[in-house]
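Subject: The two-chain model, and what turned up in it

Hi,

Here is the structure I promised to pass on to you. Have it open while you read, and my notes on it follow just below.

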Amino acid sequence: MRLPFFNLFITSPFDELQEHAEKAKECVWAFQQAIECFAAERCKAFEEYLTEVVRLESQADSIKRRIRGHLPVNSRLPVSKFQLFLYLKEQDKVLDSVEDTLDWISYRIMPGIPKELQKDFFLLVDSVIEPIEDLSRMVAEAKKYFETYSDRQRVIVKDIIRNLRKREHEADRLEADLKKKIFAMEDDPISTFHLIRLAENIGSIADHAENAGDMMRAMIARKKSSIFNFRFRE
Amino acid sequence: MDIYLFSLIILTGLALSDLVVGVSNDAANFLNSSIGSRVAPRHIIMIVASLGMLFGVTFSSGMMEVARKGIFHPQLFVMPELVTIFLAVMLTDVLLLDFFNTFGLPTSTTVSLVFELLGAAVAVSIIKVYSSGQNLETLLHYINTAKVLMIIMGILLSVVIAFVCGALAQFFSRLVFTFDYAVCLKRYGGIWGGLTLSVITYFILIKGAKGASFLSPDTVLWITTHSWTVLFMSFAGFAVIFQILTSFTRINILKPIILIGTFALAMAFAANDLVNFIGVPLAGISAYRVAHSTGSPLTVTMEALREPVQSNTLLLLLAGVIMVLTLWFSKKARTVSSTEVGLARQDEGIERFGASALSRILVRMVYGIFAIVSTYVPRAVKTRIAKRMDQNAYDHTREKYGKTPSFDLLRASVNLMVASAVISLGTSLKLPLSTTYVTFMVAMGTSLADQAWGRESAVYRVSGVLTVIGGWFFTAILAFSISLLFGSAMFIFKLPAILLLLALCAFLIVQTYRYHGKKEEESGVVENFSLKNVNKVEEAIQTTFQQTGIFLKEISDSLGSCIEAVFLEDRQRLKDVRGEGEKIEKWSNIIVANVFKTLFLLNKCDVSDAQKYSHAIRSLQAISEGHRDIVLRVLEHFDNYHTGFNTEQKEELRYVKTNLNRLLWNTSIMLLNRKKVDYDYIANQFNKLKEFVDEFDKNQILRIQSGASKTRLSILFYGIMDNCLEISEHTIQLLNIFKDSFSLNEVDASTKED
């Protein structure tokens with residue numbers, strides 16, 4: 001049974017989850033600028049953006065460790081610890097993927113992105129940054145849901161999750177189109193491999209955001225009371 | 001266990017709760033002057049008040065008559081009826097006082113108790129009269145109507161007498177001492193100290209120590225019959241002491257006066273009001289004991305309650321300890337105190353209460369009367385008064401113990417002196433004055449005389465005072481009706497009703513606890529937003545930037561929620577966003593006020609630097625207005641049940657929302673972290689947004705031409721788009737200002753290094 005009264009005595013881990021999600025959101029501008037910088041072959045500032053992302057990723061890691069290490073043992077959490085940690089893991093992977101993508105670029109900074117592929121890459125980046133931005137809002141709304149257990153609030157969270165899925169599908173489609181175009185260009189194999197892997201890395205950001213959304217969906221699922229699960233026949 | 005014993009256990013629990021809620025409300029009465037003037041660090045003030053309360057508890061005289069026989073005639077009731085009445089009273093009292101504490105409104109615990117007793121007694125009496133087939137006129141035999149009328153008179157008398165006395169005393173004191181009182185205090189300190197402390201001492205003797213065991217009845221009688229002798233002797237003694245202190249030492253004599261005054265009021269409170277909280281449960285216990293000492297406990301009438309009962313000193317001390325703990329730890333007590341102190345504050349600033357039609361009328365009327373009166377006062381007198389009352393001598397920026405005082409020590413000492421004098425006079429004349437009403441109205445009167453309610457704040461302050469006074473009448477009405485309802489339910493349905501009402505009480509307290517916590521959090525943010533205690537330019541600029549960052553983040557979140565709610569046509573969520581919008585507007589006003597303060601601090605700096613901040617004001621206001629416009633437009637649209645956006649429009653709005661949010665969010669992060677601005681990125685977002693809006697505007701024209709979008713929907717669509725664009729433009733402007741300031745700081749730093 002869910003008793004709002006007991007919420008008074010519970011320390012919510014959602015504040016820290018949101019702090020973690022906001023670190024991911026903070027990365028967005030550096031990530032987007034880094035890709036644009038890489039594409040424009042004027043990558044003097046690339047290192048700066050990479051450093052910024054690494055810095056934020058390391059801050060997010062500290063928050064992750066804090067959540068894992070300081071979750072009270074006996075506190076009555078609104079969700080199971082197992083679910084919470086799984087969610088955190090997926091949210092963290094979003095940031096890891098952003099960092100991995102920039103790391104991948106840094107291994108072969110020249111010759112950048114061919115002109116004919118730039119627009120597609122930008123579109124792909126655009127489609128993955130929206131889910132990153134939505135994560136913090138999702139956590140904030142979920143926190144409100146766990147305070148009130150109102151159906152209206154649940155609908156809001158579900159709506160954000162639905163949007164995450166939609167953006168992931170869009171990112172998948174853009175990634176697939178982009179890969180086709182890269183292969184069609186018949187460039188040198190190293191460049192092709194580098195660009196294909198880059199597109200996959202970027203696409204994986206949306207995948208992890210969607211996974212995080214799915215974890216959240218499981219957390220906000222209505223728990224059926226065991227009294228109604230009774231069956232006369234096995 | 002029988003139901004009455006169970007009820008007594010509940011009564012005991014309720015007594016503890018009532019002590020907590022009661023002290024939370026009454027603490028403002030004795031803390032107001034010392035906290036408002038910052039006479040000492042907070043912990044010193046609390047220690048003095050705690051000592052006063054503990055002394056008061058030991059001096060407490062017997063049980064309050066009103067609980068046992070003041071309102072009804074106990075000889076006409078039997079034990080079960082009395083226990084029902086007391087339970088209803090205590091439940092109502094806890095709920096009512098907690099409600100007032102939550103909203104930070106001071107009220108009289110005596111008035112609430114009296115009307116609760118009246119309500120519950122009327123409920124039980126009506127049922128008794130009705131079931132015994134008697135005429136309803138016999139109800140008057142059960143109730144002490146004269147006492148009730150006296151209490152109502154008390155409210156009106158307190159309001160008028162205390163306010164007028166406070167205003168007059170403060171006016172003449174200020175005329176003598178002026179706002180720069182240090183010089184005059186050297187000259188007249190002895191007289192002032194003698195006057196204030198003789199009144200306060202008399203008050204201690206009359207109100208606090210009258211029930212003390214070390215004062216025999218003869219001594220008390222002598223004090224009451226020789227008031228003038230006592231007053232004159234203490235005046236002479238204190239005057240000599242204070243004149244020596246002020247002439248030969250550097251002691252500020254106002255400080256000991258205020259602390260002694262605080263001690264005196266705290267002592268009087270504990271000695272007299274303590275019984276408001278535990279008197280009723282103790283009366284219940286004595287009724288139970290009396291009934292069980294007879295052969296027929298359920299039918300014997302309660303004549304025994306008419307006899308005086310001596311209270312248990314240990315019990316009173318325990319109650320005193322609970323009161324002291326509450327005083328130190330209750331957040332609600334601080335909320336109530338802050339209402340009083342805020343309304344009496346000398347400075348302008350953020351006002352807690354909004355203006356009302358009545359307050360506007362009153363302020364206009366009073367200003368009109370003053371204008372007329374002023375024409376009959378000779379010019380020389382007016383000039384002389386204006387010179388003595390010149391507020392410029394008041395030091396608005398002087399910080400004491402980490403915070404700026406709300407008023408000076410002179411006003412605090414007048415508050416305590418007048419409150420003590422009025423209460424002592426009222427008590428000796430047997431007038432039913434309430435301590436809460438007197439202390440509050442004196443504080444308001446003195447602030448009026450001190451011109452604290454200038455044209456910039458008068459309507460808000462008057463509105464606040466009217467709210468508090470309205471609350472006093474509301475206390476009486478609510479106390480009577482709720483208690484009547486509870487009493488009837490418990491008397492008819494017995495145990496089920498008691499359990500149900502207890503559950504309701506617990507639920508409501510938890511709700512008010514949460515509500516208060518939320519409000520505290522909000523006011524904490526507002527407090528943090530205020531630059532009240534910042535006096536350095538660089539710190540002020542930095543804080544303003546940080547606040548602007550938080551403000552933009554909030555706008556970004558709120559707009560995100562608003563547009564999401566538009567997609568779902570969720571009216572309730574839109575209403576929530578409108579509620580948040582009010583908070584955002586408040587923040588915007590505070591930041592604007594802070595920018596003014598920054599401008600004030602920058603008065604010796606370059607004018608062009610200062611000009612940047614005036615541009616910032618314009619941008620902040622435009623962002624806030626744009627946000628409000630979007631929220632109100634969409635709310636009105638969906639309130640009127642107009643059609644929502646189609647899929648294409650939703651997708652376009654989503655694009656705009658995402659880009660605007662990104663722009664706001666990144667700007668906010670940059671302002672908050674004060675890190676080097678990646679201006680290009682933000683500018684790119686802005687250009688992208690502009691392109692999107694242009695494209696979507698064209699799409700909308702096509703939709704209008706094809707009839708796919710109705711007129712109202714099109715107006716709403718354009719309204720949202722335009723406002724989003726305007727918000728982003730002004731955000732870019734803010735960023736420009738920040739960027740300039742950032743480079744300016746860098747230059748400053750490099751210059752310093754050179």
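Let's start with His73(B): is this residue buried or exposed? The answer lies in between, because His73(B) has 18 other C-beta atoms within 10 Å, which makes it partly exposed; a buried residue would need 20 or more. Please keep in mind that this is a predicted model, so everything here is computed from it. You will find His73(B) in the loop that links α3 (65-70) and α4 (79-102) of chain B. Try locating Glu303(B) as well: it sits 230 residues away along the chain, yet the two C-alpha atoms are separated by 8.5 Å.

Now for chain B as a whole. Its secondary structure consists of 24 helices and 0 strands. Of its 754 residues, 47% are buried. If you take the contacts in chain B with a separation of 6 or more, 87% of them join residues 24 or more positions apart.

One helix to look at is α5 (residues 109-131) of chain B. From first C-alpha to last, its 23 residues reach 33 Å, close to the 33 Å expected at 1.5 Å a residue. How many of the residues of α5(B) are buried? The count is 17 of the 23, so this helix is largely enclosed by the rest of the structure. After α5(B) comes Gly133(B), which has a positive phi, near 75°.

Next, a pair of helices. Two packed helices are described by the angle between their axes and the distance between the axes. In chain B, the axes of α11 (residues 254-292) and α12 (residues 313-329) come within 11 Å and cross at roughly 95°. That crossing angle makes α11(B) roughly perpendicular to α12(B). On the α11(B) side, the contact is made by Ala270(B), Leu274(B) and Ile278(B), while α12(B) brings Leu316(B), Ala319(B), Gly320(B) and Met323(B). Sorted by class, this contact has 6 nonpolar residues, 1 polar residue and no charged ones.

What about the nonpolar cores? In soluble globular proteins, nonpolar side chains tend to be buried together. The largest nonpolar core here has 156 residues, and those touching the most other members are Phe86(B), Leu87(B), Met90(B), Ala120(B), Met267(B), Ala287(B) and Val422(B). Helix α11(B) gives the most to this core, with 25 residues. A second, separate core of 109 residues includes Phe38(A) and Ile182(A) along with Leu552(B) and Val634(B). If you would like one residue to click on, choose Leu87(B): leaving out residues up to four places away in sequence, it touches Ser7(B), Ile10(B), Leu11(B), Met490(B) and Ile498(B).

Chain A has 234 residues, of which 41% are buried. It contains 6 helices and 0 strands, following the pattern α-α-α-α-α-α along the sequence. For contacts in chain A with a separation of 6 or more, the share between residues 24 or more positions apart is 83%.

Finally, where do the chains meet? Contacts link 13 residues of chain B with 11 residues of chain A. On the chain B side, α19 (537-568) and α22 (647-673) each supply at least two residues. The most come from α22(B), with 6 residues. By class, this side of chain B divides into 5 nonpolar, 5 polar and 3 charged residues.

Enjoy exploring!

Best wishes

Methods. Residues numbered from 1 in each chain as written. Chains lettered and ligands numbered in written order. Predicted model: local features only at pLDDT ≥ 70, side-chain atom pairs only at ≥ 80, totals over all residues. Contact = placed C-beta atoms within 7 Å. Helix = DSSP H or I, 4+ residues; strand = E, 2+ residues; numbered from the N terminus. Nonpolar A, V, L, I, M, F, W, Y, C, P; charged D, E, K, R; others polar. Axes fitted to C-alpha atoms, helices over the stretch in contact; angles between N-to-C directions. Parallel < 35°, antiparallel > 145°, perpendicular 65-115°, else oblique. Core = buried A, V, L, I, M, F, W, Y, C linked by C-beta atoms within 7 Å. Buried ≥ 20, exposed ≤ 12 C-beta atoms within 10 Å, placed from the backbone. Expected span 1.5 Å × (residues − 1).
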